[in-house]
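Reader: Could you walk me through this structure slowly, since I'm still learning how to read one?
Author: Gladly; have a look at it here, and then ask whatever comes to mind.
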Amino acid sequence: HPNVLIEFHVTSSREALSKIASAEGDLAVTTNRVTHPGVRMETMLETQSVCVMPPGHRLASQSTIFAKDLEGEDFIALTSNLKARQGVDRIFEKGGTTRKITVETTTNHAACECVAAGLGVTVINPFPVISNFSGQIVVRPFLPKFEHTVYAMFSADTAPNWLGRAFL
């Protein structure tokens, strides 16, 4: 649809909720499920965390990475206030695995940038960033599983129109 203008804003889930509930936005994509009378949530995608490492990393030849494999590794972590970070931390704590957190960031994209620069490894939701780093990173399944759900958020009063559905 080449004649359609899309305004694409990257914001916090809280700000997205505010925009959708007040009809200032048409739809939002988020990994945080919210309950609010002014919005509806629809599951778009379910994923599992992956381990991301630089090419040539000592673990790159393994088909699956286990939490214990990352003992002592330089680790790129999401900031501690994020749900995904808290879930990953619990996995390492339960397994008694110690990582050396060298960088904390607010986005999966920035975590992958750090990995591509050789600053360490990370465990993240692969959606939507992994495909942006072809050849710059190695991605392997991570166990134990940590699942993520990606949601579409839109007004409770109006469903996305055909254009919104096409975008999703």
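Author: To begin with a rule we will need, the expected span of a helix is 1.5 Å times one less than its number of residues. Please keep in mind that this is a predicted model.

Reader: ok, so what span should helix α2 have, and how far apart are its end C-alpha atoms?
Author: Helix α2 covers residues 83-95, which makes 13 residues, so at 1.5 Å a residue the expected span is 18 Å, and this agrees with the 19 Å between its end C-alpha atoms. Just after α2 comes Gly96, whose phi is positive, at about 70°.

Reader: which residues of α2 are buried?
Author: They are Arg85, Gly87, Val88, Asp89, Ile91 and Phe92. As background, an α-helix has 3.6 residues a turn, so residues three or four places apart point the same way.

Reader: and what covers those buried residues?
Author: The cover includes four strands, namely β5 (74-78), β6 (100-105), β7 (122-124) and β8 (138-143).

Reader: I noticed some rings around there. How many aromatic pairs are there?
Author: The count comes to two aromatic pairs. In one of them, the ring centres of Phe75 and Phe92 are 5.7 Å apart and the planes meet at 75°, so this pair is classed as edge-to-face. Because Phe75 belongs to strand β5 and Phe92 to helix α2, the pair ties together parts that lie 17 residues apart in sequence.

Reader: what about the other pair?
Author: That one is formed by Phe92 and Phe142, with 5.8 Å from centre to centre and 45° between the planes, and it is tilted. It links distant parts of the chain, since Phe92 is in helix α2 and Phe142 is in strand β8, 50 residues apart. Taken together, the ring pairs join Phe75, Phe92 and Phe142 into a cluster.

Reader: are those Phe residues buried or exposed?
Author: Phe75 counts as buried, with a relative accessibility of 2%. Phe92 is also buried, at 1%, and Phe142 is buried at 2%.

Reader: what sits over the ring of Phe75?
Author: The charged end of Arg99 does, at 4.7 Å from the centre of that ring.

Reader: I also clicked on Glu73. Where does it lie?
Author: Glu73 is in the loop between β4 (65-66) and β5. With a relative accessible area of 13%, Glu73 is buried, because the cut-off for buried is under 20%.

Reader: and which residues does Glu73 touch?
Author: Leaving aside residues up to four places away in sequence, Glu73 touches His57, Arg58, Arg99, Lys100 and Val121.

Reader: switching to sheets now: what's the strand order in the one with four strands?
Author: That is an open sheet with mixed pairing, and its order is β4-β8-β3-β7. The edges are taken by β4 and β7, each of which has a single partner strand, so one side of each is left without a neighbour in the sheet.

Reader: how many bridges join β3 to β7?
Author: Three bridges join them, and strand β3, residues 50-53, runs antiparallel to β7. Within this pairing, Val52 stands opposite Thr122 in β7. Helix α3, residues 108-116, packs on this sheet and touches β3 and β7, and its direction makes about 155° with that of β7.

Reader: and what is the order in the sheet of three strands?
Author: There the order is β1-β9-β2, in an open sheet with antiparallel pairing. Its edges are β1 (27-30) and β2 (39-48), each with a single partner strand, so each has one side without a neighbour in the sheet. From one strand to the next, the twist averages 20°.

Reader: how many bridges are there between β1 and β9?
Author: There are four bridges between β1 and strand β9, residues 147-155, and the two run antiparallel. Ala28 stands opposite Met153 in β9.

Reader: which helix lies across that sheet?
Author: Helix α1, residues 13-21, lies across β1, β2 and β9, and it runs at about 25° to β9.

Reader: last one, zooming out: how many helices and strands are there in the protein chain?
Author: The protein chain has four helices and nine strands. Its C-alpha trace spans about 50 × 35 × 25 Å along the principal axes, and 40% of its 168 residues are buried. Of the contacts with a separation of 6 or more, 74% are between residues 24 or more positions apart.

How values were computed
Residues are numbered from 1 along each chain as its sequence is written. This is a predicted model: local features need pLDDT of at least 70, side-chain atom pairs count only at pLDDT 80 or more; totals for chains, interfaces and linings use all residues. Side-chain values use heavy atoms; hydrogens and water are left out. Buried means under 20% relative accessible area, exposed over 50%, partly exposed in between (1.4 Å probe, protein chains only). Contact means heavy atoms within 4.5 Å. Rings of Phe, Tyr and Trp (its six-membered ring) pair if their centres lie within 6.5 Å; planes under 30 degrees apart count as stacked, over 60 as edge-to-face and the rest as tilted. A charge sits over a ring if NZ of Lys or CZ of Arg is within 6 Å of the ring centre and within 35 degrees of the ring normal. Two strands pair if DSSP finds at least two bridges between them. Axes are lines fitted to C-alpha atoms, for helices over the stretch in contact, and angles run from 0 to 180 degrees between N-to-C directions.
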